[in-house]
Each structure stands twice: as structure tokens, then as C-alpha cells.
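Me: Please take a close look at the place where the two chains meet, and explain it step by step for someone in a first year of study.

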Number of protein chains: 2
Amino acid sequence: MSIANTPKPPYYAVIFSSQHTKNKWEEYEEKSAKMVALAKESPGFLGVESVRDENGFGITSVYWEDKESIDIWRHNEEHNKVKKRGRSIWYEKYFLRIAKVEKDYGKI
Amino acid sequence: MSIANTPKPPYYAVIFSSQHTKNKWEEYEEKSAKMVALAKESPGFLGVESVRDENGFGITSVYWEDKESIDIWRHNEEHNKVKKRGRSIWYEKYFLRIAKVEKDYGKI
């Protein structure tokens, strides 16, 4: 994973922080990759950054054109199935924040 | 590191994504911990989540009450010294996004 090449603000970020149980890790990795591939095809997708450490704590930040794009992805049927599984099996704790990016800068 | 216990939105997130060079790692870890301790004392600080993987890719998300709190931290003298060092020694690439959290939910 590397830094997402997003356009000029404004755009939206969905910051997903989670503590993984480490149960069924292989299935998680497979579903996780599938969800990223699926999100990339969803309208308004701009990029994704994701990192998890050896203790199972992770942050995934997904960038979207606007709130409407987030809503479309939120209602994606396959995504919802995996979300339910994530909440019952993979995530001990999780927290999701929807935020409007107003400013950005860096060296990429 | 674990999920930050932030208040109800609105509040701000500073999402810092970076690719670490792995140069002078020990100094980095020391300065990084020092910066977190210093940020915690800065007015308007709400919480921090940080994760870096074995390849040196990391995301740190810091939460602040408002834009003014971010500005105060941005102008902190000691923070600025370490920032310069980070940009010249530790970060191959980095990108920073300032975003207004409009909505959040989860299980923590």
C-alpha cells in the first residue's frame, strides 16, 4: 500500500480504525482485497490507504469524491455482507469517521 | 495504540500518511513519542491513532477540536524542528490531509 494520489480538495475521507481479533485471518485477507477491488469500481472512488500492525491494530482511509459516492458504496450489497461478517468475526473494536478534506499537501 | 475516544462531531482530523526511509529508526521512535506527548498538551487535542507496518508505510490520524487547535500545534516550535528533520531524514514520501469529521460511529 502507498500514499493515495487524490485530486485537489474538497473531497471526502472515510477513516476506518479497527482492532482485529486475528480470527480467520486468511479469509479476512481475501475478503479485504476483494472489497478494495470492488470499492475501486464504485462511482466517485478516489483512492485508498491501509495499514495494519503486528498487534492487529489498523487504519484504512478511503477517499471519495463526495457524500453521494460514500452512500452508494455503503449500500453495495456485497460490501454489506462482508461488513456484517467483519463486525461479528474480525473486529474486536472498530470506529468509522466520515470527514470532508478541506486542505492537503505533501511530497509524493 | 488503540482507537481514539473522540467526542461527538463536528471535530477535525489530521490524516498523516507516510513512507518511512527506516533511517535512524531509534531517533525517530524517540522523537515520535515525544511529539505525541507534546501534542497531548496542546489546546484542543482530542486523540491520536497511529500505525506503521513492517514495510515502513504508516498512517497517523490526530483529532482536534477545531481548526484553531491545529494552527496552534502547527506553529509549535519544537514540533517544527522535528518536522524539518522528518522531511529530510525519515520520510521518503508523506502526505497530510486536514478534514472536518461530520459523522462517526462504531463499537469501541
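Reply: In this predicted model, the contact between the chains draws 31 residues from chain A and 31 residues from chain B. On the side of chain A that touches chain B, the elements giving two or more residues are strand E1 (11-20), strand E2 (45-52), strand E3 (57-64) and strand E4 (91-107) of chain A. Of these, E4(A) provides the largest share, with 15 residues. Sorted by character, the residues on this side of chain A comprise 15 nonpolar, six polar and 10 charged ones.

It helps to follow E4(A) across to the other chain. E4(A) pairs with strand E4 (residues 91-107) of chain B in the antiparallel sense, and 13 bridges join the two strands. Two places along this pairing can be found by eye: A:Lys107 stands opposite B:Tyr94 in E4(B), and A:Ile98 has B:Lys103 in E4(B) as its bridge partner. Within chain B, E4(B) also pairs with E1(B), again in the antiparallel sense, over 10 bridges, and there B:Tyr11 has B:Val101 of E4(B) as its bridge partner.

The next step is to compare the two copies as wholes. A turn of 180 degrees, with a shift of 0.0 Å along the axis, lays chain A on chain B with an RMSD of 0.0 Å. The two copies are therefore related as by a two-fold rotation axis. The same surface serves both copies, since 100% of the contact residues of chain A recur in chain B.

Finally, there is the nonpolar interior to consider. The largest nonpolar core has 32 residues, and those touching the most other members are A:Tyr12, A:Ala13, A:Ala99, B:Tyr12, B:Ala13 and B:Ala99. At least two residues of this core come from each of E1, E3, helix H2 (67-74) and E4 of chain A, and likewise from each of strand E1 (11-20), strand E3 (57-64), helix H2 (67-74) and E4 of chain B. In soluble globular proteins, nonpolar side chains tend to be buried together. One of the core residues, B:Tyr12, can serve as a closing example: apart from its neighbours within four places in sequence, B:Tyr12 is in contact with B:Tyr63, B:Trp64, B:Asp66, B:Lys67, B:Ile70, B:Ile98, B:Ala99, B:Lys100 and B:Val101.

Technical notes:
Residues are numbered from 1 along each chain as its sequence is written. Chains are lettered from A and ligands numbered from 1 in the order in which they are written. This is a predicted model: local features need pLDDT of at least 70, side-chain atom pairs count only at pLDDT 80 or more; totals for chains, interfaces and linings use all residues. Two residues are in contact if their C-beta atoms, placed from the backbone, lie within 7 Å. Helices (H or I, at least four residues) and strands (E, at least two) are DSSP runs, numbered from the N terminus. Ala, Val, Leu, Ile, Met, Phe, Trp, Tyr, Cys and Pro count as nonpolar, Asp, Glu, Lys and Arg as charged, and the others, Gly among them, as polar. Two strands pair if DSSP finds at least two bridges between them. Copies are superposed by least squares on the C-alpha atoms of residues with pLDDT of at least 70 in both. A nonpolar core is a set of buried Ala, Val, Leu, Ile, Met, Phe, Trp, Tyr and Cys residues joined through C-beta atoms within 7 Å. A residue is buried if 20 or more other C-beta atoms lie within 10 Å of its own, exposed if 12 or fewer, and partly exposed in between; C-beta atoms are placed from the backbone.
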